[in-house]
Amino acid sequence: MAFTDFASSVLLGFFIIFTTVFYPVDSYLYNNRYFGDQVLRILPSSDTEVQAVKQLFQNLTVDIWKPNSAYLIQEKSTVDVHVGRNKTQWLRRRLRLAHIHYEVLISNLQTEIEKQIGHQTSRKRRSEFQYDYEVYHPLEDIQSWMFETNRTHPHLVELFSIGQSYEGRPLYVLQLGKRSRPSKKAVWIDCGVHAREWIGPAFCQWFVKEALNSYQHDSSMRRLMNQLNFYIMPVFNVDGYHYSWETDRFWRKTRSKIPKYHCRGVDANRNWKVKWSDEGASLHPCDDTYCGPFPESEPEVKAVAKFLRKHRKRVKAYISIHAYAQMLLYPYSYKYATIPNFNCVESAAQNAVSALYSAYGVRYRHGPASTTLYMSSGSSIDWAYKNGIPYAYAFELRDTGYFGFLLPEALINPTCTETMRAVKTIASGLLKKCTK
């Protein structure tokens with residue numbers, strides 16, 4: 001196994017773990033930049049209203065939360081949009097004049113951000129035994145937690161780096177599983193592809209915690225860890241995630257520089273070498289769905305693709321954790337077609353959402369990404385499937401828009417608990433032969 005950058009990072013990791021650092025919360029409250037901003041939910045009821053909304057967004061710089069771009073707006077489908085405080089009254093007035101239904105989901109975005117992370121007087125890097133899995137953590141906390149987890153569970157955990165990000169940060173992965181035969185089947189799980197989706201990294205940490213803590217007393221988890229390896233990448237888009245804590249809470253893309261443009265970053269879920277730059281992806285560097293100058297232009301995508309290609313014979317499931325929509329999606333994203341092993345993949349998805357529902361009664365829609373969510377090209381699940389990984393899924397975690405990307409810390413536990421049931425169900429299915 002390649003340990004790129006690992007040795008050079010070990011000393012830094014231990015320094016981080018055993019050094020106590022306090023972060024004033026004010027440094028994470030973005031200097032009140034979101035004070036007065038609002039999130040509106042718009043419901044165009046006809047094609048005429050869809051075109052009117054698209055025209056409004058052309059005349060007004062807004063941050064579209066759902067769907068990912070104005071191109072994907074459809075009649076009778078809700079549109080969640082973040083609007084700056086200087087533009088809210090103008091947009092609301094225009095919507096009223098056009099008789100387009102809307103509601104205010106969040107009346108003051110800064111207040112909601114402060115509710116999410118501002119209740120703590122400081123954020124302290126802690127050792128694993130003190131680590132709080134029910135709060136959101138900045139990148140430095142997560143990386144030091146990874147080193148500590150590796151140190152305290154040497155028989156079940158192996159930490160390594162698969163490369164570096166655009167800004168030079170290591171791309172760490174945790175391998176979980178009992179060390180036995182080298183040819184064990186494997187499951188890949190990545191979180192934090194889109195920087196603002198903080199519940200993703202929270203789930204990856206939760207998964208590791210639950211797997212390790214329940215290994216001794218939970219026979220189903222022990223069986224999974226004995227017979228499978230899990231590759232867990234808690235923060236895929238490390239640069240973007242760091243930026244979402246330091247500067248822009250709602251940053252989505254990577255942080256690579258685009259020649260001749262002031263805009264930065266690429267959508268890491270449009271940058272894979274499968275129907276790249278086709279429908280559902282943008283060629284404009286300033287768009288949130290910008291697919292990049294070429295496939296795998298982003299070092300983060302390239303590193304993961306290289307790792308998965310190397311281990312494709314053993315990796316039987318690829319799982320990517322996103323938010324928000326409460327969906328479980330599988331290929332294809334780029335076309336309306338049925339995958340060859342549809343019955344097996346659909347059955348596993350049905351079992352997974354049923355397991356998730358059993359925790360708190362939260363309903364998830366499931367199905368092919370192109371029909372369940374929207375069409376998109378260059379996605380990781382399509383790439384994984386095309387490269388021989390038979391079970392490829394993308395979760396869109398809670399909620400359906402009331403909190404959006406600002407899911408409160410109080411909901412980390414239930415969200416991760418129910419998702420854990422779904423992921424374990426998918427993994428357990430790999431130990432059985434699908435005959436459908």
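The following paragraphs describe a mixed β-sheet and two pockets in a predicted model.

The sheet is open and contains 8 strands, arranged in the order S7-S8-S10-S9-S11-S14-S12-S13. Its pairing is mixed. The edge positions are taken by strand S7 (157-164) and by S13, each of which pairs on one side only. On average, neighbouring strands of this sheet are turned by 20° against each other, direction ignored.

Within this order, S10 lies between S8 and S9. Strand S10 spans residues 228-233 and is mostly covered, with 6 of its 6 residues buried. In a regular strand, side chains alternate between the two faces of the sheet. In S10, Leu228, Phe230 and Ile232 point one way, while Asn229, Tyr231 and Met233 point the other way. Residues of both sets are buried, Asn229 among them.

The two neighbours of S10 pair with it in opposite senses: S8 is antiparallel to S10, whereas S9 is parallel to S10. Strand S8 (residues 170-176) is joined to S10 over 3 bridges, and Leu174 has Ile232 of S10 as its bridge partner. Strand S9 (residues 185-191) pairs with S10 over 6 bridges. In this second pairing, Lys185 stands opposite Leu228 of S10. Ile232 and Leu228, the S10 residues named in these pairings, belong to the set that points one way from the strand together with Phe230.

Towards the S13 edge of the sheet, S12 lies between S14 and S13. Strand S12 covers residues 327-330. Met327 and Leu329 point one way from S12, Leu328 and Tyr330 point the other way, and all are buried. S12 pairs in the parallel sense with strand S13 (residues 365-368) over 4 bridges. Across this pairing, Leu328 stands opposite His366, and Leu329 stands opposite Gly367. The chain passes from S12 to S13 through helix H10 (residues 342-360), forming a right-handed β-α-β crossover. On the other side of S12, strand S14 (residues 391-397) runs antiparallel to S12 and is joined to it by 3 bridges. Here Leu329 stands opposite Ala394 of S14. Leu329 thus has a residue opposite in S13, Gly367, as well as one in S14, Ala394.

Two pockets were also examined. The largest pocket holds about 1,000 Å³ of space and is lined by 35 residues. Thr61, Val62, Asp63, Cys286 and Asp288 are the lining residues nearest its centre. Helix H2 (47-59), strand S3 (63-66) and strand S4 (79-83) are the elements that give two or more residues to this lining. H2 gives the most, with 3 residues. By residue class, the lining of the largest pocket divides into 14 nonpolar, 9 polar and 12 charged residues.

The second largest pocket holds about 390 Å³ of space. Its lining comprises 17 residues, of which Lys66, Ser77, Met327, Arg365 and Leu373 lie nearest the centre. This lining divides into 8 nonpolar, 6 polar and 3 charged residues. The second largest pocket can be placed relative to the sheet through two of these central residues: Met327 belongs to S12, where it is buried and points the same way as Leu329, and Arg365 falls within the residue range of S13.

Terms used: Residues are numbered from 1 along each chain as its sequence is written. This is a predicted model: local features need pLDDT of at least 70, side-chain atom pairs count only at pLDDT 80 or more; totals for chains, interfaces and linings use all residues. Side-chain values use heavy atoms; hydrogens and water are left out. Buried means under 20% relative accessible area, exposed over 50%, partly exposed in between (1.4 Å probe, protein chains only). Two strands pair if DSSP finds at least two bridges between them. A crossover is right-handed if, with the strands pointing away from the viewer, the path from the first strand over the helix to the second runs clockwise. On a 1 Å grid over the protein atoms alone, a cavity is a set of points where a 1.4 Å probe fits but cannot get out, and a pocket is an open set with protein on both sides within 12 Å along at least five of seven lines; lining residues have an atom within 4 Å of a point. Grid points are joined across faces, edges and corners, and a volume is the space filled by probe spheres set on the points. Ala, Val, Leu, Ile, Met, Phe, Trp, Tyr, Cys and Pro count as nonpolar, Asp, Glu, Lys and Arg as charged, and the others, Gly among them, as polar. Axes are lines fitted to C-alpha atoms, for helices over the stretch in contact, and angles run from 0 to 180 degrees between N-to-C directions.
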